Amino acid sequence: MDRNEATKRFHGGHDALAELIDESQPAELPTPDTDVPMVSRSVRLPLETYERVRAAADARGIGVTTLMRQWIEAGLADLDDSATVSLADVRRALAALSRPTAA
């Protein structure tokens, strides 16, 4: 059944649409990546900025939203002087300390 037919049946008060819904397979919904309740907000970004964020997320093997959330949390932690540092950043800093410096 196409959209127009479904709309006609819905507005016509026919039970066929309800029967169609009852017979359909359950939709597979994505599993949330957290147990913490989330709020969805829309953010308008210039295309170039979004593409840079997407590339950074792809390089880390995570989603754009996850990376943006991490950056926001890190920025907020910086505001209140709490420490949020990624393990990768800590490892890079320690590796840089162990390298001899050029004289």
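Where does V85 lie? The legends below take up this residue and its surroundings in a predicted model.

**Figure 1. V85 sits in a loop between two helices.** The loop joins no strand, as the chain has zero strands. On one side of V85 comes α4 (64-79), and on the other comes α5 (87-98). Is V85 buried or exposed? V85 counts as exposed because its relative accessibility is 55%, and the cut-off for exposed is over 50%.

**Figure 2. V85 helps to make a nonpolar surface patch.** Its partners in the patch are L87, V90, L94 and L97. Together the five side chains make a patch of about 510 Å².

**Figure 3. The second largest pocket has V85 among the residues nearest its centre.** Q70, W71, S86 and D89 share that place with V85. In total, 12 residues line this pocket. Its volume is about 300 Å³. Which helix gives the most to the lining? The answer is α4, with five residues. Both α4 and α5 supply at least two residues each. Sorted by class, the lining has five nonpolar, three polar and four charged residues.

**Figure 4. The largest pocket has a volume of about 390 Å³.** One run of its lining is M38, V39, S40, R41, S42 and V43. L45 also lines the pocket, as do T65, M68, R69 and I72. How many residues of each class are in this lining? Six are nonpolar, three are polar and two are charged. Rolling a probe the size of a water molecule over the atoms shows where empty space is left.

**Figure 5. A57 is a buried residue of helix α3.** This helix covers residues 47-60. The relative accessible area of A57 is 0%. A57 therefore counts as buried, since the cut-off is under 20%. How far apart are A57 and M68? In sequence they are 11 residues apart. In space, they are 8.7 Å apart, C-alpha to C-alpha. M68 also appears in Figure 4, where it lines the largest pocket.

**Figure 6. The whole chain is built with five helices.** From the N terminus on, the elements run α-α-α-α-α. The chain has 103 residues, and 8% of them count as buried. A57 is one of the buried residues. The chain exposes about 9,700 Å². Carbon and sulfur atoms supply 54% of that area.

Definitions and conventions:
Residues numbered from 1 in each chain as written. Predicted model: local features only at pLDDT ≥ 70, side-chain atom pairs only at ≥ 80, totals over all residues. Heavy atoms only, no water. Patch = residues over 30% accessible without salt bridge, like charges linked within 9 Å, V, L, I, M, F, W, Y side chains within 5 Å. Areas by Shrake-Rupley, 256 points an atom, 1.4 Å probe, with all protein chains shown as cover. Salt bridge = Lys/Arg side-chain N within 4 Å of Asp/Glu carboxyl O. Helix = DSSP H or I, 4+ residues; strand = E, 2+ residues; numbered from the N terminus. Buried < 20%, exposed > 50% of the residue type's maximum accessible area, 1.4 Å probe, protein only. 1 Å grid on protein atoms, 1.4 Å probe; cavity = no way out; pocket = protein on both sides within 12 Å on 5 of 7 lines; lining within 4 Å. Points joined across faces, edges and corners; volume = space filled by probe spheres on them. Nonpolar A, V, L, I, M, F, W, Y, C, P; charged D, E, K, R; others polar.
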